[in-house]
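Good morning, and thank you for making time for this presentation. Please have the sequence and the model open while I speak.

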Amino acid sequence: MRRLARFAEWSADAGRFVHAAFYWNWRKSRFRRRGACGHAPCQNESDEAKLGPVRCDVVLLWNKPGRFRPLCPLLVRTGDGWRCSVAAKDVRPFWGRALGLAGAALVTFYVVASLGAFALLRWGNDLPIRVTDVAWPGHWHRVRIAQSNRLFAHAISAFQRGRLNEAFLALSSARERFPGNYDAGLFIAQIAMFQGSYSFADGLFAQLGVEEPAHAVRTGIVHHDTLLMLQRYDRLAVLSLDRALADQDRAALWVRSLLFALRRGALAAEFAATHRTEIGRLSPHAQRLLEAEAKLAAGHAPATLGELRRPFSGPLNPTYMEEQVDRLATLGELPTAQALLDAYGPLLGDFRHLLAQFQLDLRAKDQRGAEATFRRLLALATTREQLTFIVTALIDQPDADFYRVLHAHLQSAPALAAEMDGPAMWVAGLICGATTEALEWQQRGYQPGGRYPAIRRVNLASREISDPASPIGLVNHLTFPREVVMALLKKAPAHRAVDALPKWAPPPTRGD
């Protein structure tokens, strides 16, 4: 109680101190401007106006009058108590002291408040900030950025736990804290599309493409992957065409996605008619492949074969050559596909040539030729991308024997096995019918954010997203390389765009 009483007394004097600093200095200043005649405003009128015994009216109600002295050094302590040490005519204001003390008080308060805010933000909210980010106004934006990034991390955690609404709210708050948080905006667009808000999601993807030109490629890729997982082939076709025209360095890859969307969505004829001008701006090879698809969709198979049988000339792109050979093979034109592959072979490079040859051998049921090609293919495969292409080929044309050969090859080379994508190898084994080997990859294949579904086969006849064994269910539950996603969706039954995802949805596909 005694401490509380002392604190109350100090607080009362502190309030009087602030009042006195300005009020009495102002009164003294007026007194001086009027000539310093008569009684000074701060001296007691009943005392004699002479040096020594004059009491100070300012401190009459103070608990400790000496607390006023820093503002007025004319106040001195005598045997009779606190008295003014000068005559009335010599009373003067001390603005310098008042302003200096006020400034020191403000600086002290600012420092203490800054340190308190820093401690709260740094340790209370776990923000990776420095004390200068709080104390210096020019760095306050860094606090908002740190808060935005913290909310973004929370959104990812919520997303991985299947709490889409919580993730969406955290991302929205992250964008409010710092509108320039590109990653948060990108994630909002994905979740919105997963939840079925297609118009909002497409609009936000388009907005990010305009606002963040430095990230235009990444925005397009994430948009592409999200549309792919949701089987929105009509929108995927439009996006792929737009990106093919805008991203010349990757135009062939975007055209490949365009061809995929047109085939899976049965859109080729109508799309070619409505986007004829844009298609006309693509390279001649891309135009020919798209025209062939449009004619095939319109029922003009002979014209289609005529378009595809002619070898490409001029500057050649491996992707277009592979698409031409593969399309002829799927249409049953194996001799023509083989002749074109033989002609293109040196231009494709050893690995891609052998990969295309292996796929042709499987289609032609040439077991001996496929075995020889596969051995040479494995000898050349040293990167994650190359291994993914091999797995994709086995998903496209399942063969348990070749899968087991690949499995044994990787088992004998641990460093190479570490490069293999575990989920891709697992799903390929299930499709190929090598369940025992596939389960080994399920145990070793790390899957960020989710668990492998408890299945022992892939139900290629199912089109239900809620079915964990269906191709569409798998690509929306596990994270696969983009090539594997496309191979799985090629094997799925014809399917319209899904309206919404189940409770849990994966991050973007790898291979960006």
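**Helix α1 and the wider fold**

I begin at the end of one helix: α1 is followed by G35, whose phi is positive, near 105 degrees. Helices here are DSSP runs of H or I with at least four residues, strands are E runs of at least two, and both are numbered from the N terminus.

Before I continue, two remarks on conventions. This is a predicted model, in which local features need pLDDT of at least 70 and side-chain atom pairs count only at pLDDT 80 or more, while totals for chains, interfaces and linings use all residues. Residues are numbered from 1 along each chain as its sequence is written, and side-chain values use heavy atoms, with hydrogens and water left out.

Helix α1 covers residues 2–33. Its 32 residues should span 46 Å at 1.5 Å a residue, and its end C-alpha atoms are 45 Å apart, which agrees; the expected span is 1.5 Å times one less than the number of residues. Where does α1 bend? The bend is at A20 and amounts to about 40 degrees, taken as the angle between axes fitted to the seven residues ending there and the seven starting there. The buried residues of α1 are D13, A20, A21, W24, N25, K28, S29 and F31. Buried means under 20% relative accessible area, exposed means over 50%, and partly exposed lies in between, with a 1.4 Å probe and protein chains only.

Turning to the chain as a whole, there are 25 helices and 2 strands. Of its 512 residues, 46% count as buried. The chain exposes about 25100 Å², and carbon and sulfur atoms supply 56% of that area; areas come from the Shrake-Rupley method with a 1.4 Å probe, and for residues only the protein chains shown count as cover. Among contacts between residues at least 6 apart in sequence, 60% join residues at least 24 apart, a contact being heavy atoms within 4.5 Å.

Next, the interior. The largest nonpolar core has 118 residues, and W426 and V427 have the most contacts inside it. Helix α6, residues 182–194, supplies the largest share of this core, with 10 residues. Such a core is a set of buried Ala, Val, Leu, Ile, Met, Phe, Trp, Tyr and Cys residues joined through side-chain atoms within 4.5 Å. Which residues does V427 touch, leaving aside its neighbours within four places in sequence? They are I395, V458, L474, F480, V484 and L488. Apart from the largest core lies another, of 22 residues, among them A20, C56, C72 and V86. A20 is thus the residue at which α1 bends and also a member of this other core.

How many disulfides are there? The count comes to 0, with a disulfide defined as a pair of cysteine sulfur atoms within 2.5 Å. C42 is unpaired because the closest cysteine sulfur, in C56, is 5.5 Å away, too far for a bond. C42 counts as buried, at 5% relative accessibility. C84 is in no disulfide either, and the nearest cysteine sulfur to it, that of C42, is 5.6 Å away. C84 is buried as well, with a relative accessible area of 7%.

Now to helix α15, residues 318–330. Its 13 residues reach 18 Å from first C-alpha to last, close to the 18 Å expected at 1.5 Å a residue. The buried residues of α15 are T319, Y320, M321, E323, Q324, V325, R327, L328 and A329. Their cover includes α10, α13 (284–297), α14 (301–309), α16 (334–348) and α17.

I close with backbone angles in two loops. Most residues other than glycine have a negative phi. A266, although not a glycine, has a positive phi of about 50 degrees. A266 is found in the loop between α10 (251–265) and α11 (268–274), and is exposed, with a relative accessible area of 68%. K365, also not a glycine, has a positive phi of about 60 degrees. K365 sits in the loop between α17 (350–363) and α18, and is exposed at 71% relative accessible area. Within α18 itself, residues 367–380, lies G369, which is buried at 17%.
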